[in-house]
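Work through the exercises below with the model open. Try each task before reading its solution.

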Amino acid sequence: MFEAAFQGLQNLLSLTVLIGMLAGISVGTFTAITPQGLGTPLMYALFLSVVTQWDPLVAIAFLIGMDAVSSTCSAYLPVLFGIPGGAGSQATVMDGYPMGRGGQARRALGAAFTAGILGSLVGTATLAAAIPVAQALILFLGSPELFVVALWGVSMVSVLAGPRPLKGLMAGAAGLVISVVGIQPQSGVMRFVFDQPYLLEGVPLAVATLALFGVPSALEMALARVGVEREPAPLAGRLLDGIRDAFRNVWLVVRCSFLGVWVGIVPGLGAQVVDWLSYGHAAQTCKGAKETFGKGDVRGVIAPEASNDAKDGGTLIPTLTLGVPGSLVSALFLFALTTMGFAPGPFMLERNADVVYSIIWVLGIASVIGGSLGLVFSNQLARLAELRYSIIVPSILGFVLIGALNANQSPLDLVTVVSFGFVGYFMKRFGYPRPPLILGMILGIIMEKYLYISTARYGFEWLGRPSVLVLLILVTGTLGYTLWSRRARTRSGEEPGEKPAGESVPAGVRVNWETLLVLGFLAFFLLAIRIGFEWPFIAKLMPLYIAAVPGAALALWQLFRVTTGREPAAGGVEMDESFSGELDAASERRRTMAFFAWFVGAALAVWLVGITVAVPLFVFLYCLVEGGERLWIAVLMAAIAFLLVWGLFEGVFKVLWAEGVLFGG
């Protein structure tokens with residue numbers, strides 16, 4: 001094992017690998033600091049189709065470097081604007097923003113970066129120590145056990161996605177159905193292809209991810225108009241004071257770091273709850289916290305930032321050892337590894353141990369470099385957080401269109417990205433978490449492989465194996481406990497958006513926009529059942545009996561709850577926040593319609609005149625007309641967009657863009 005660790009370090013000494021890591025650190029830093037929208041899942045999806053064509057070690061260094069830094073440098077927005085810099089920095093707002101408004105922004109940032117570096121080192125060390133232990137344990141796992149573990153991952157992500165587990169389970173089931181689109185290898189059946197060669201290899205994951213996350217995130221910024229209607233806190237105070245605070249509270253850092261590692265290991269928890277758990281732990285254990293937390297206590301910044309960075313190491317433990325991702329980003333990373341020819345899980349630990357340790361080295365090194373850059377260049381980097389929505393929104397949508405068309409160079413990519421963009425909006429609007437949908441699409445492929453091997457080798461006798469029974473009891477127990485605890489909190493009135501216990505529900509049938517969304521889910525599942533009913537058993541086992549039939553039952557129950565008023569029309573969720581709701585209904589409706597008009601128009605322009613012309617033109621017009629930017633800024637942004645499309649993707653990455661239909665494409 002020491003030999004593999006040493007070889008993993010040697011792998012990083014290549015100049016190209018170092019450049020790849022530094023490039024990932026740069027992209028991750030930019031992603032973490034710029035206002036909400038450029039999230040890590042979006043950037044992963046954008047680069048997936050590009051980096052998987054690179055040397056595997058370079059691609060891994062880029063992706064891990066980007067992810068590691070996105071956690072370390074996520075404190076700018078909470079401290080300066082009072083808005084989360086990502087899912088794992090929501091609790092940082094509680095004390096970071098009061099510190100920023102109180103003239104201690106630099107102190108808060110110094111404490112956050114230092115705690116983040118220390119937390120990342122704890123998480124990385126735990127990951128390194130877990131690999132030898134995992135290698136010994138996974139020898140007892142076969143395909144039946146791995147199938148149950150993967151099923152546990154999807155279900156836990158779904159029920160932990162928010163105060164409405166039913167919504168998460170529906171989204172996860174839909175993702176499992178979508179995952180089987182294409183040719184079934186064993187039977188040769190073309191499933192849900194509809195005579196479209198475009199779908200023979202499945203729904204492009206990168207396109208779906210870009211649309212589901214990029215479009216609603218851009219809309220969130222267009223609604224809130226960050227940088228125009230919200231001004232940043234002054235960048236005052238001393239970084240050194242914050243660094244001292246972190247080391248002065250090093251025992252708090254260690255405790256919260258291990259809490260972050262534990263949360264990262266459990267599939268579905270991750271960044272969505274890690275900061276709140278550590279913040280709550282600090283509030284309960286720190287002296288005088290009841291009087292100072294929420295008012296600018298630096299310990300309220302240190303705790304969530306340490307755990308948020310440490311959880312990355314924990315998340316990679318099930319991803320690398322079992323092939324079961326613990327979060328959305330790790331799921332996309334798993335997909336990238338699979339595309340590059342690796343098999344995350346037992347086979348990778350056995351055959352590519354040096355690559356596993358390269359991942360560990362990059363995670364630790366990138367976090368230290370990223371945090372150090374945040375400390376050294378805090379003044380310069382903070383300016384990125386002040387970028388206005390009128391610059392960020394067209395940038396995000398430009399990234400979405402570039403990444404979508406880069407997937408297959410097909411006009412149908414544009415149809416897919418627009419369709420999933422609308423789906424992503426309605427899911428976010430009504431609190432239906434999107435991560436379970438994407439995780440279902442990724443894990444569905446893995447689950448079906450293990451399910452086929454298990455069934456072909458053992459029939460259904462594998463369900464009686466002692467190890468499988470133990471895992472099934474664990475799955476059932478954890479799910480049951482989670483649902484029961486949420487129901488108990490619902491009855492006590494703790495969940496957001498719930499009706500108080502004992503309040504009567506108005507009689508009658510309600511029909512609203514959420515009703516139509518649930519009907520869409522139900523129709524989707526019923527159509528899958530109708531189409532797949534005639535397939536051979538092995539071809540329909542996974543999509544029908546594991547996904548579509550349970551999904552239809554869940555949708556029927558949700559439809560009953562929505563139409564009878566037993567479910568609020570919308571509500572915040574933990575994993576996937578709904579829109580802020582700060583605007584009045586008329587303004588939100590107007591801005592939403594204008595946003596989608598721009599987005600659909602940009603997609604049509606790409607189809608008509610090609611992406612090299614359409615994206616710069618769209619960026620120019622949005623900045624000038626919708627954003628009200630000065631002419632020279634609009635021209636500059638259009639020039640940057642052109643250099644990105646033509647210079648970077650076409651010139652450096654050698655992407656051959658399809659021409660628009662007006663130019664013979």
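Two rings of Phe, Tyr or Trp (its six-membered ring) form a pair if their centres lie within 6.5 Å. Keep in mind that this model is predicted.

**Exercise 1. Ring cluster**

Find which residues ring pairs link into a cluster with Trp513.

Solution. Start from Trp513. Ring pairs link Trp513 into a cluster with Phe422, Tyr425, Phe426, Phe595 and Phe596. For context, the whole structure holds 21 aromatic pairs.

**Exercise 2. Geometry around Phe62**

Classify the pair formed by Phe47 and Phe62, then say which parts of the chain the pair ties together.

Solution.
1. Take the geometry. The ring centres of Phe47 and Phe62 are 5.1 Å apart, and the planes meet at 65 degrees.
2. Apply the cut-off. Planes over 60 degrees apart count as edge-to-face, so the pair of Phe47 and Phe62 is edge-to-face.
3. Place the partners. Phe47 belongs to helix α3 (residues 40-51) and Phe62 to helix α4 (residues 56-72), so the pair ties together parts that are 15 residues apart in sequence.
4. Add another partner of Phe62. The rings of Trp54 and Phe62 have centres 5.5 Å apart and planes at 75 degrees, so this pair is also edge-to-face.
5. Check accessibility. Buried means under 20% relative accessible area. Phe47, at 9%, is buried. Phe62, at 4%, is buried too. Trp54, at 25%, is partly exposed.

**Exercise 3. The nonpolar core**

Which residues touch the most other members of the largest nonpolar core, and which helix gives its largest share?

Solution.
1. Rank the members. The core has 199 residues, and Phe333 and Ile438 touch the most other members.
2. Find the main contributor. Helix α10 (residues 205-224) supplies 13 residues, the largest share of this core.
3. Look around Phe333. Neighbours within four places in sequence are left aside; Phe333 then contacts Tyr44, Ile60, Leu63, Ile64, Leu316, Leu320 and Ile359.

**Exercise 4. Charges over rings**

Over which rings do the charged ends of Arg429 and Lys540 sit?

Solution. Take Arg429. Its charged end sits over the ring of Phe430, 5.3 Å from the ring centre. Now take Lys540. Its charged end sits over the ring of Phe533, 5.1 Å from the ring centre.

**Exercise 5. A polar residue**

Is Asn406 buried or exposed, and what does Asn406 contact?

Solution.
1. Locate Asn406. It lies in helix α20 (residues 389-408).
2. Read the accessibility. Asn406 has a relative accessible area of 10%, so it is buried.
3. List the contacts. Leaving aside neighbours within four places in sequence, Asn406 contacts Ser49, Val50, Phe649, Val655 and Trp657.

Technical notes. Residues numbered from 1 in each chain as written. Predicted model: local features only at pLDDT ≥ 70, side-chain atom pairs only at ≥ 80, totals over all residues. Heavy atoms only, no water. Core = buried A, V, L, I, M, F, W, Y, C linked by side-chain atoms within 4.5 Å. Buried < 20%, exposed > 50% of the residue type's maximum accessible area, 1.4 Å probe, protein only. Helix = DSSP H or I, 4+ residues; strand = E, 2+ residues; numbered from the N terminus. Contact = heavy atoms within 4.5 Å. Phe/Tyr/Trp six-rings, centres within 6.5 Å; stacked < 30°, edge-to-face > 60°. Lys NZ or Arg CZ within 6 Å of the ring centre and 35° of its normal.
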